[in-house]
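Let us take a friendly walk through the helix contacts and the empty spaces of this protein. Keep the sequence and the 3D view at hand as you read.

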Amino acid sequence: MWTPTSWRQLPAAQQPEWPDEDRLEEAIAELSRQPPLVFAGEARALRGKLALVGSGDAFLLQGGDCAETFAAFSADAIRDKLKILLQMAVVLTYGAQLPVVKVGRIAGQAAKPRSKPTETVDGVTLPAYRGDAVNGLDFTAEAREPDPSRLVRTYHQSASTLNLLRAFTRGGFADLERVHEWNREFVVESPQGQRYESMAAEITRALAFLRACGVDVSNDPTFHTVDFWTSHEALLLGYEEALTRRDSLTGDWYDCSAHMLWAGERTRDPDGAHVHFLSGVGNPVGVKIGPDATPDDVAELAKRLNPDAVPGRLTLITRMGAANAEERLPEIVRGVRDLGLPVVWSCDPMHGNTFTSEGGYKTRRFADVLAEIRTFFAVHHQEGTVPGGVHMELTGEDVTECLGGAQEIVDANLATRYETACDPRLNNRQALELAFQMAEMLRE
């Protein structure tokens, strides 16, 4: 009996306390009259690509901002996010010798779950910042009041973002030779450049070989354009409901706010509204799996979200933390493997490794991120399963939010360019450095 509104009959975690329900319903009604942001056929195409990831015939790279903001919205910012993901994808493609499925946390990732509903500063308590789709970051009563008109603004910003992404990925910006040249510049400038120089040189030779064979690398669409999909956490269920449409070809329902949606660690209750909502849309869906999950929990989620065992439909995104992954991940992987469930395994090495630095900044260590990814690959190798991909919070900007990396960012550097609205992100150099190191793991 699923419908786009049936989630309303179930407990829905992490929903804002909207001060005016009538204004909220007006915003949802306005969104329901807008054109879809993506189309059902595109979501089905991504599901087919993810089926290849699940079988070990492709690799998933999913990444982008922790939370998109209205203030940081610009063509340059969108271009730079796409640029770093394209750079990482080229390196991973060569390292894995597999096609890379590129999915951005973009064009809708504007809401965030919070551990506490309020925030207290200097004795003043206000609602927590839940992302620009809900309220403002400034610590004032006016900014922190949830405003339904922000949902409509989120839609229009997402539409503009998608227009730019389609233009960039089809208009020559994603040309393979151009992207490889960006990577060569990184190798020359990186403090650890010599470590990556041999792989960059191998890619150069591979391109030269193709040209020698008569392949027009510069103009062949295979090397000139890329497929790029969007995703976000399906957190604000009113927004997702408004953009859910019935496909005219199949009669199935699709959430047309993004190609892929996921439920978070705080909203993955099998009996809750978020899992119920995602169970009824035809998009590929994901669910975050933290260290407290049990094999039975994951099996129940798979039953609810992919009862027909459709390949590519369900991605399990593990976020254990470097300290817990070696102990907790194997039993989860074995439990799913032994049930014969077709899933895509992806590693989120960011959220389980967050802490507050001595200077008071929320941060992550590059070494911990890398360690969790290493454990992810090692466990899947040990269990005979496929380590399908990674799920990253990163930016195309040269920020200073995560410690370590070749730049050796330390606690005292964090204040230099700490610009995130919520969680710390890898900067462009750290992200590309991580891609080279993952490529080495994949080759091994």
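## Helix contacts and empty spaces

Helices H3 and H5 cross in a right-handed sense. On the H3 side, the contact is made by Ala75, Ile78, Arg79 and Leu82, and these meet Thr161, Leu164, Leu165, Phe168 and Thr169 of H5. Sorted by class, the residues of this contact are six nonpolar, two polar and one charged. Please bear in mind that the model you are looking at is predicted.

To find the pair in your viewer, look for H3 at residues 75-96; its axis comes within 10 Å of that of H5, and the two cross at roughly 55°. H3 and H5 are therefore oblique to each other.

### Helices H12, H13 and H14

Helix H13 is a good place to turn next. It spans residues 366-383 and packs against helix H14, residues 428-443, at an angle of about 25°. Their axes lie 11 Å apart. Angles under 35 degrees count as roughly parallel, so H13 and H14 are roughly parallel to each other. The crossing of H13 with H14 is right-handed.

Which residues of H13 and H14 meet? From H13 come Phe366, Val369, Leu370, Ile373, Arg374 and Phe377, while H14 brings Gln430, Glu433, Leu434, Gln437, Met438, Met441 and Leu442. This contact has nine nonpolar, two polar and two charged residues.

H13 also packs with helix H12, residues 322-339, at an angle of about 30° and with the axes 9 Å apart. That angle makes H12 roughly parallel to H13. H12, too, passes H13 in a right-handed crossing. In H12, the contact is made by Ala322, Ala325, Glu326, Leu329, Pro330, Val333, Arg334 and Arg337. In H13, the partners are Asp368, Ala371, Glu372, Thr375, Phe376, Val379, His380, Gln382 and Glu383. By class, the contact of H12 with H13 holds eight nonpolar, three polar and six charged residues.

### Pockets and cavities

Now for the empty spaces. Rolling a probe the size of a water molecule over the atoms shows where empty space is left. The table sets out how the linings divide by class.

| Space | Nonpolar residues | Polar residues | Charged residues |
|---|---|---|---|
| Largest pocket | 20 | four | four |
| Second largest pocket | eight | seven | 14 |
| Largest cavity | seven | three | two |

The largest pocket encloses about 790 Å³ of space. Its lining is made up of 28 residues, and Thr93, Pro99, Lys102, Leu176 and Thr222 are the ones nearest its centre. Which helix gives the most to the lining of the largest pocket? The answer is H3, with five residues, so you meet here again the helix that crosses H5 at roughly 55°. Several other elements each supply at least two residues of this lining, including helix H2 (40-54), strand S2 (100-105), helix H6 (176-189), helix H7 (193-212) and helix H8 (221-224).

The second largest pocket holds about 630 Å³ of space. Of the 29 residues that line it, Pro113, Arg114, Lys362, Cys422 and Asp423 lie nearest its centre. Strand S3 (118-121) and strand S12 (354-356) each give at least two residues to this lining, and the largest share, three residues, comes from S3. Charged residues number 14 in this lining, against four in that of the largest pocket.

How many cavities of 30 Å³ or more does the structure hold? There are three, and the largest cavity has a volume of about 70 Å³. The residues lining the largest cavity are Gly108, Ala110, Ala111, Ala133, Leu151, Thr154, His232, Glu233, Leu235, Leu236, Tyr239 and Glu240. H5, the partner of H3 in the oblique crossing, is one of the elements that supply at least two residues of the cavity lining. Strand S5 (229-233) and helix H9 (237-242) each do so as well. The two charged residues of this lining are Glu233 and Glu240.

Conventions:
Residues numbered from 1 in each chain as written. Predicted model: local features only at pLDDT ≥ 70, side-chain atom pairs only at ≥ 80, totals over all residues. Heavy atoms only, no water. 1 Å grid on protein atoms, 1.4 Å probe; cavity = no way out; pocket = protein on both sides within 12 Å on 5 of 7 lines; lining within 4 Å. Points joined across faces, edges and corners; volume = space filled by probe spheres on them. Helix = DSSP H or I, 4+ residues; strand = E, 2+ residues; numbered from the N terminus. Axes fitted to C-alpha atoms, helices over the stretch in contact; angles between N-to-C directions. Parallel < 35°, antiparallel > 145°, perpendicular 65-115°, else oblique. Left-handed = near helix turned anticlockwise from the far one by under 90°. Contact = heavy atoms within 4.5 Å.
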